Amino acid sequence: MTDTTHNTQAASAASGRSDNAMWSGRLAFILAASGSAVGLGNIWKFPYITGENGGAAFVLVYLLCIALVGLPIMVAEVTLGRAGRSSPINTMKMLTRRDGQSSRWSFIGWMGMAASFLILSFYSVIGGWSLAYVGNAASGSFNGASSDAIGQLFGGLLSNPGTLMIWHSVFMVLVIMIVARGISSGMEKAINILMPILFFLLLVMVGYAMSTSEFGKGFDFLFKPDFSKLSTDSVLTALGHAFFTLSLGMGVMMAYGSFLPKNVSIVKTAVTVSVVDTIVALAAGLAIFPLVFANGLEPTAGPGLIFQTLPLAFGKMGGGTIFGTLFFALLLIAAVTSAISMMEPVVEWLEEQKGISRLTGALIGGGSIWLLGIATVLSFNEWAKFHPLSFLPVFEGKTFFDIFDYLTANIIMPLGGLLIVAYVGWVMKREAVEAELANDTGSALNLLMFVMRYIAPALVLVVFLYNLL
Ligand code: PHE
């Protein structure tokens, strides 16, 4: 997580980086990249989209997308970052110059920045929900509450734009403060401890779910595929979520990869990050669905799913007040570490372009994102019936929040990922790719190249075109 301080140095060093501007090693990178990857996507979004898309068949497609698309694209993205050693836009400019290619490839960096803006604007609102729920848990609101009462608690939050604004603002201020100061090593150490605790708590929740009467039903819902429930739309959602959950296709992993020392294996690190991310998501699913069925709730409840299920468990179990408070606090921290990684490229770019200070950059970037967040706040109440882009079939019936979510996960990120993997697979000189990957892949390099050239791009394209037509 020391990237911010490093990035400041890197920005001034333009393309070349001094040796001390590096992750201390493999573990530091894994922690930072997992900090970006593991977030609301795993614990909030994965369960609710799994619920909306019918369960196990969707999960299976999602896992295939992680393995066949996400993983190779993460390798490609980190490879570009390490080869370019600067911010995504400059990395692409540098590499294309060296490879004698059009500098238009730096479009990847621009697109990524647009995605950061859009995602963070709604991410902050949901981060705000977690903040509100830290308070709810700590004040004992869950104790012995019925599922109706828990549902009303959540409904009450959503229907009140003022309250949502306050929490959205607090979240954004937190993120701005951290990004403006640069992430201290103290915070990095804190995260090292907090993330394992979050994971442990998720396991406690899975344990609790096992004690309910419907664990088997929840388990089957997640792991016993019924392909009749799978639509082409679900396949696109699964693909998009693979990008979202691994923070791919928008330059975040490229920026992080630019600090990775040469002797670290990109492939092994990417595998580790993907596995950690996937395990957290599946654990969240296992904790939540048994509760959904045991309490007669609907798996299709949507974005409120975890906020309407987990509190039921906290309200019934011993020590629920402490566990609940801790859980939402840790969810908040996971959200903050992801938010920081989205904000970083925006601030870096502002710094590079206008020569403004880091603090001003964080304030301008964060302030504009905060402003855009208001559209999401209103999507859950005043503007819930306002579907601004309904004249386009893909956006029919979608609120601002739905549109930002769809546009980023289902369009911008896969497109960015496609360009990234195409560059590494087809455009970049083979020697340059080998210089990054040959050591740790050995003879498997050919297989990896095959996946990066054909499999990953083909899958993204097929899913795209199928959905368009
Ligand atoms: N991967 C994060 C999550 O799952 C979200 C994210 C997307 C972070 C894109 C950075 C970039 O919550």
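The second largest cavity in this predicted model has a volume of about 90 Å³. Its lining is made up of Ser87, Pro88, Ile89, Gly109, Gly112, Met113, Met250, Pro345, Glu348, Trp349 and Glu352. Two or more of these residues come from each of α5 (88-99), α6 and α15. The greatest contribution is that of α15, with four residues. By residue class, the lining of this second largest cavity holds six nonpolar, three polar and two charged residues.

The count comes to two cavities when those of 30 Å³ or more are taken. The largest cavity has a volume of about 120 Å³. Its lining consists of 17 residues, and Ser36, Phe244, Ser247, Ser338 and Met342 are the ones that lie nearest its centre. The elements giving two or more residues to this lining are α2 (26-37), α3 (40-52), α6 (107-138), α11 (232-245) and α15 (320-354). The residue classes here are nine nonpolar and eight polar, with no charged residue in the lining of the largest cavity.

The table sets out the volume and lining classes of each cavity.

| Cavity | Volume | Lining by class |
|---|---|---|
| Largest cavity | about 120 Å³ | nine nonpolar, eight polar, no charged residues |
| Second largest cavity | about 90 Å³ | six nonpolar, three polar, two charged residues |

Helices α6 and α15 are among the elements that give two or more residues to the lining of the largest cavity, and α6 and α15 are also among those that do so for the second largest cavity.

Definitions and conventions
Residues numbered from 1 in each chain as written. Predicted model: local features only at pLDDT ≥ 70, side-chain atom pairs only at ≥ 80, totals over all residues. Heavy atoms only, no water. 1 Å grid on protein atoms, 1.4 Å probe; cavity = no way out; pocket = protein on both sides within 12 Å on 5 of 7 lines; lining within 4 Å. Points joined across faces, edges and corners; volume = space filled by probe spheres on them. Nonpolar A, V, L, I, M, F, W, Y, C, P; charged D, E, K, R; others polar.
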